[in-house]
Amino acid sequence: MKKLIVLLCLFAVGSLSAQNYYVYVTAESEDEVSVVKFDGQKAETVKNIPVGVWPAEIEGPHGITVDPSGEYWYLSLAHGNPYGKLYKFKTGTDEVVGTVELGLFPASMQISPVTGLLYCVNFNLHGDMVPSTVSVVDVESMTELDQITTGAMPHGSRLSADGMKHYSVAMMSGELFEIDALDLRVSRTLDLDEASKMVGMDDSKMDHSKMGHDMGGMEKKEEAMDHSQMDHSKMNHDMGGMKHSAFKPTWVSPHPSKDLVYVAGNGAAEVLEIDTKTWKPTRKFTTDKGPYNIDLSPDGKFMVVSYKTAAKTGIWNLETGEEVARLDNSQKVTHGVAISSDSKYAFVSVEGIGDDPGMVDVIDLQTLKLVDTAYLGKQAGGIAFWKVED
């Protein structure tokens, strides 16, 4: 009898401690968004949500984010005529509650907990190699307030922990951009090809004139000038004379509690750590081929990097700067990373090739092992953590 009572108690404790994790993930070649549930052992797709309005065309759901309250999620449909759109959905019911047209091939995005505004990069995949923009959207009215010019093929739209600074990178022009989330202006840029060369170099030998621009010094000259009339050649944005970046940055992720951002150099097989106080590189992490997306655990312990070309995921200890695990993904073409709010699990989207199904690999950040995989539609891409519940 005593043994039975003990077993029942253990079962009850186990039931009470069981938690379910939910992520939203896009299937770009399926025009679907899937809800993936993970119960600590098993991962499965529990819902497929059709998106888009043209049944005969692939509209390409690409970027996805959940707002800080968890009440709504937002999706960029990259392909349009010619512009893409942003869609607003209610979490749970997953019904469309608003839309707005953005720029050419809108991609990754995030919402500031301070301003409440959404910042989405317009990647301009099929356009000319010219500076593109970051769209700023009032999500209450679903109105685009502004398009802020940055670099060629902007990607990796992320905000600082306090919501006051927006960071993005330009894949082709090789730059990191900082935007003031309140006045909606580019405040600083950093040449990442030059920054990569400077790591470990004595500060007195660095040529900071090649690395970046503090936009504050230019504001007085351009204060009265319409943004479209600015001479962007002075800001390293003239694509006619632009170098094609060897670093090829594809993502930037701010640290959850420190003045640092981490940039994936897809072409250089490295991640750069940038001090946002000094606006200088501080560390370089040599990775496997094709680092693509980055997410940092909310506790600040781990950096998880998708290695798109290598079909692997790297897990780095940020304190020691060591890669503590490099795991094979379930199939080829690793894409996005989203870490749970309790820092326990990393969810990694894997595109697959051709008619392969998309997948979400779940990695336990305590054991540093791949736990399970969920299947979804073709070309799994953007991924966003939604919630954890008992």
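Two strands count as paired when DSSP finds at least two bridges between them. Keep that in mind for the next few minutes. One caution before we look: this model is predicted.

Let's start with strand 23, residues 312-317, and strand 24, residues 322-328. How many bridges join them? Six, and the pairing is antiparallel. Two of the facing positions are worth finding on screen. T313 sits opposite L327 in strand 24. I315 sits opposite A325 in strand 24. The two strands make a hairpin, with four residues between them. Look at G321 in that turn: its phi is positive, about 75°.

Now the other neighbour of strand 23. Strand 22, residues 302-307, runs antiparallel to strand 23, and six bridges join the two. Here S306 has T313 as its bridge partner. So T313 turns up twice. It faces S306 of strand 22, and T313 also faces L327 of strand 24. Strands 22 and 23 form a hairpin too, with four residues between them. In that turn, the residue with a positive phi is A311, at about 60°. Is strand 23 mostly covered or mostly open? Covered: five of its six residues are buried.

Next, a loop residue. T287 lies between strand 20, residues 280-286, and strand 21, residues 291-296. Why do we call T287 buried? Because its relative accessible area is 9%, and the cut-off for buried is under 20%. What does T287 touch? Leave aside its neighbours within four places in sequence. Then T287 contacts A269, E270, V271, Y307, W316 and R326. Three of those names take us back to the hairpins. Y307 falls within strand 22, residues 302-307. W316 belongs to strand 23, and R326 to strand 24. There is a polar detail as well. A polar atom of the T287 side chain lies 3.5 Å from the backbone nitrogen of E270.

On to the sheets. Four strands form an open, antiparallel sheet in the order 3-2-1-29. Which strands sit at the edges? Strand 3, residues 43-50, and strand 29, residues 380-389; each pairs on one side only. From one strand to the next, the twist averages 20°. Inside this sheet, strand 2, residues 32-38, pairs with strand 3 over seven bridges, antiparallel. For a landmark, take V35: it stands opposite K47 in strand 3.

A further open sheet has four strands in the order 4-5-6-7, again with antiparallel pairing. Its edges are strand 4, residues 61-66, and strand 7, and each of them pairs on one side only. Neighbouring strands here are turned by 20° on average, ignoring direction. Strand 5, residues 72-77, and strand 6, residues 85-90, share six bridges in the antiparallel sense. Y72 stands opposite K90 in strand 6.

Now the cores. In soluble globular proteins, nonpolar side chains tend to be buried together. In this model, the largest nonpolar core has 21 residues. Which have the most contacts inside it? Y119, F123, V136 and I148. Strands 9, 10 and 14 each supply at least two residues of this core. Strand 9 gives the most, with three. F123 also has a list of partners beyond its sequence neighbours within four places, including L104, F105, M153 and M171. A second, separate core has 17 residues, among them V36, Y345, V360 and I383.

Last topic: aromatic rings. The whole structure holds 14 aromatic pairs. Take Y21 and F38. Their ring centres are 6.4 Å apart and their planes are at 45°, so the pair is tilted. Y21 is in strand 1, F38 is in strand 2, and 17 residues separate them along the chain. Both are buried.

Then F105 and F123. Why is this pair tilted as well? The planes are at 55°, with the centres 5.9 Å apart, and only planes over 60 degrees apart would count as edge-to-face. F105 lies in the loop between strands 7 and 8, F123 in the loop between strands 9 and 10, and they are 18 residues apart. Both of these rings belong to buried residues.

One more group to find: Y22, Y24, W73, Y87, F89 and W386 form one aromatic cluster.

Terms used. Residues are numbered from 1 along each chain as its sequence is written. This is a predicted model: local features need pLDDT of at least 70, side-chain atom pairs count only at pLDDT 80 or more; totals for chains, interfaces and linings use all residues. Side-chain values use heavy atoms; hydrogens and water are left out. Axes are lines fitted to C-alpha atoms, for helices over the stretch in contact, and angles run from 0 to 180 degrees between N-to-C directions. Buried means under 20% relative accessible area, exposed over 50%, partly exposed in between (1.4 Å probe, protein chains only). A polar contact is a pair of N or O atoms within 3.5 Å; within protein, one must be able to donate a hydrogen and the other to accept it, and residues adjacent in sequence count only if both atoms are side-chain atoms. Contact means heavy atoms within 4.5 Å. A nonpolar core is a set of buried Ala, Val, Leu, Ile, Met, Phe, Trp, Tyr and Cys residues joined through side-chain atoms within 4.5 Å. Rings of Phe, Tyr and Trp (its six-membered ring) pair if their centres lie within 6.5 Å; planes under 30 degrees apart count as stacked, over 60 as edge-to-face and the rest as tilted.
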